[in-house]
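Work through these exercises with the coordinates open. Try each task before reading its solution.

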Amino acid sequence: MATQNIYILAIESSCDDTAASVMLNGKILSNVVAGQKIHEAYGGVVPELASRAHQQNIVPVVHQALQKANVDQSQLSAIAFTRGPGLMGSLLVGTSFAKSMAYGLNIPLIDVNHMQAHILAHFIDEEGFSKPPFPFLGMTISGGHTQIVKVKSHFEMEVIGETIDDAVGEAFDKSGKILGLGYPAGPEIDKRAKLGNPKAFKFTKPKVDGLNFSFSGLKTAILYFIQKETKANPNFIEENLNDICASIQYTIIGILIDKLKLATKETGITHIAIGGGVSANTGIRQALKDGEEKFGWTTYVPKFEFTTDNAAMIAIVGYLKFLEGDFAQQNVTASSRLKI
Ligand code: KG4
Ligand code: ZN
């Protein structure tokens, strides 16, 4: 029996990365991401600049994704795109592009929820990576998101905890800014934390009931701490930078692990799949591994290129929806606050 080859072109433009990917039957053929350096000068993403950069990047990025995959647009079965959540101006670029391309090629259009995609990235066929069994807990941690989601099936998800203010990546980046580090500061804090003492300085963890998170208080506590210490010793930061980074990271990991412990206790689910840029953090990865021994967890961390914002994760959702015949109409609109 001849099996059908399903080629999905996926487009992601929800924040500051313009990305396109081509997938064949659940396997990634290409995964192209154009980052936007312009935001570094501002210490955070500037929505207006992001939207303009997407306009410049989208055509070459899509072209490159098709070329790298060695796929002609006439072979495509459907086009998937990020409908939300994200920055409205950025989402509009990807949405409009996907709609017109699908219309021009007369193939189905598939709308994708970016937060579902971070979790479903675990279902990309990739050698050496296993897929979590249902039900599992998905924890998405990045510069824009901090969420714990109960995943009953590919498309039955329930958010059981999320941040009430800053995302965990922002906690890293804003702390880094206070310390004079570049943006984004997460990778540098991670690097320095390896050389420092995590118990050198103590920061109190926020008290938030249930499975929700709060990180803005931590940032303020760090700011006051640094102001006080540098008043007494102007060289305090440079003399203690590794210890400060290690202590900040230790506090953040503690917050995440405490909530995961509570989530596993409340749901009885011990399979935990993480995603988002912050899942690159070595300390978090180690803490999850330790959790396997200490608490009987089974943890899943996807390939790094599928965990930061990318279009491969949009492609896998596109593929799964294609199999279900779940298509969008041409009048679909971008939705900046789209919920899971
Ligand atoms: O997923 P991502 O690339 O973009 C979104 O925010 O959606 O995540 C970027 C975030 C930044 O806040 C960055 O500081 C953080 O991920 N990050 C890290 C590490 N690598 C990236 N945070 C801690 N440790 C890391 N190794
Ligand atoms: Zn994201």
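The exercises below cover a metal site, a ligand pocket and some backbone outliers in a predicted model.

**Exercise 1. Find the donors of the zinc ion (ligand 2) and classify the site.**

Solution.
- Step 1. List the donors. They are H114 (NE2), H118 (NE2), H145 (NE2) and D309 (OD), at 2.1 to 2.4 Å from the zinc ion.
- Step 2. Check the angles. Among the 4 donor atoms they run from 92 to 159°.
- Step 3. Apply the cut-off. Four donors count as tetrahedral if all angles lie between 85 and 135 degrees. The site of the zinc ion is irregular.

**Exercise 2. Work out which parts of the chain the donor pair H114 and D309 ties together.**

Solution.
- Step 1. Write the spacing of the zinc donors: H-x3-H-x26-H-x163-D.
- Step 2. Place the two residues. H114 lies in helix α3 (residues 114-120), and D309 sits in the loop between β10 (298-300) and α9 (312-324), so the pair links parts that are 195 residues apart in sequence.
- Step 3. Check burial. Buried means under 20% relative accessible area. H114 has 0% and is buried. D309, at 16%, also counts as buried.

**Exercise 3. Describe the surroundings of ligand 1.**

Solution.
- Step 1. Take the shell. It holds 18 residues, of which G143, D173, D190, G277 and N281 come nearest.
- Step 2. Sort the shell by class: 5 nonpolar, 10 polar and 3 charged.
- Step 3. Pick out polar contacts. A backbone N or O atom of G143 is 2.8 Å from an oxygen atom of ligand 1. A polar backbone atom of G277 lies 2.9 Å from an oxygen atom of the ligand. The side chain of D190 places an N or O atom 2.9 Å from a ligand nitrogen.
- Step 4. Compute the cover. Ligand 1 taken alone exposes 560 Å², and the protein buries 88% of that.
- Step 5. Map the shell onto elements. Those giving two or more residues are α4 (168-178) and α5 (186-193).

**Exercise 4. Locate the cis peptide bonds G84 to P85 and Y183 to P184, then the positive phi values of N70 and N106.**

Solution.
- Step 1. Recall the background: most peptide bonds are trans, and most residues other than glycine have a negative phi.
- Step 2. Read omega. It is about -10° between G84 and P85, and near -5° from Y183 to P184.
- Step 3. Place the prolines. P85 is in the loop between β4 (78-84) and α2 (88-105). P184 is in the loop between α4 and α5.
- Step 4. Read phi. N70 has a value near 60°. N106 also has a phi near 60°.
- Step 5. Place both. N70 lies between α1 (47-69) and β4, and is exposed at 70%. N106 lies between α2 and β5 (109-113), and is exposed at 72%.

Key. Residues are numbered from 1 along each chain as its sequence is written. Chains are lettered from A and ligands numbered from 1 in the order in which they are written. This is a predicted model: local features need pLDDT of at least 70, side-chain atom pairs count only at pLDDT 80 or more; totals for chains, interfaces and linings use all residues. Side-chain values use heavy atoms; hydrogens and water are left out. Donors are N, O and S atoms within 2.8 Å of the metal (3.2 Å for Na, K and Ca); water is not among the atoms, so sites may look incomplete. Four donors count as tetrahedral if all angles lie between 85 and 135 degrees; four count as square planar and six as octahedral if opposite donors are over 155 degrees apart and all others between 65 and 115; anything else is irregular. Helices (H or I, at least four residues) and strands (E, at least two) are DSSP runs, numbered from the N terminus. Buried means under 20% relative accessible area, exposed over 50%, partly exposed in between (1.4 Å probe, protein chains only). A residue is near a molecule or strand if one of its heavy atoms lies within 4 Å of it. A polar contact is a pair of N or O atoms within 3.5 Å; within protein, one must be able to donate a hydrogen and the other to accept it, and residues adjacent in sequence count only if both atoms are side-chain atoms. Accessible areas come from the Shrake-Rupley method with a 1.4 Å probe; for residues, only the protein chains shown count as cover. Ala, Val, Leu, Ile, Met, Phe, Trp, Tyr, Cys and Pro count as nonpolar, Asp, Glu, Lys and Arg as charged, and the others, Gly among them, as polar.
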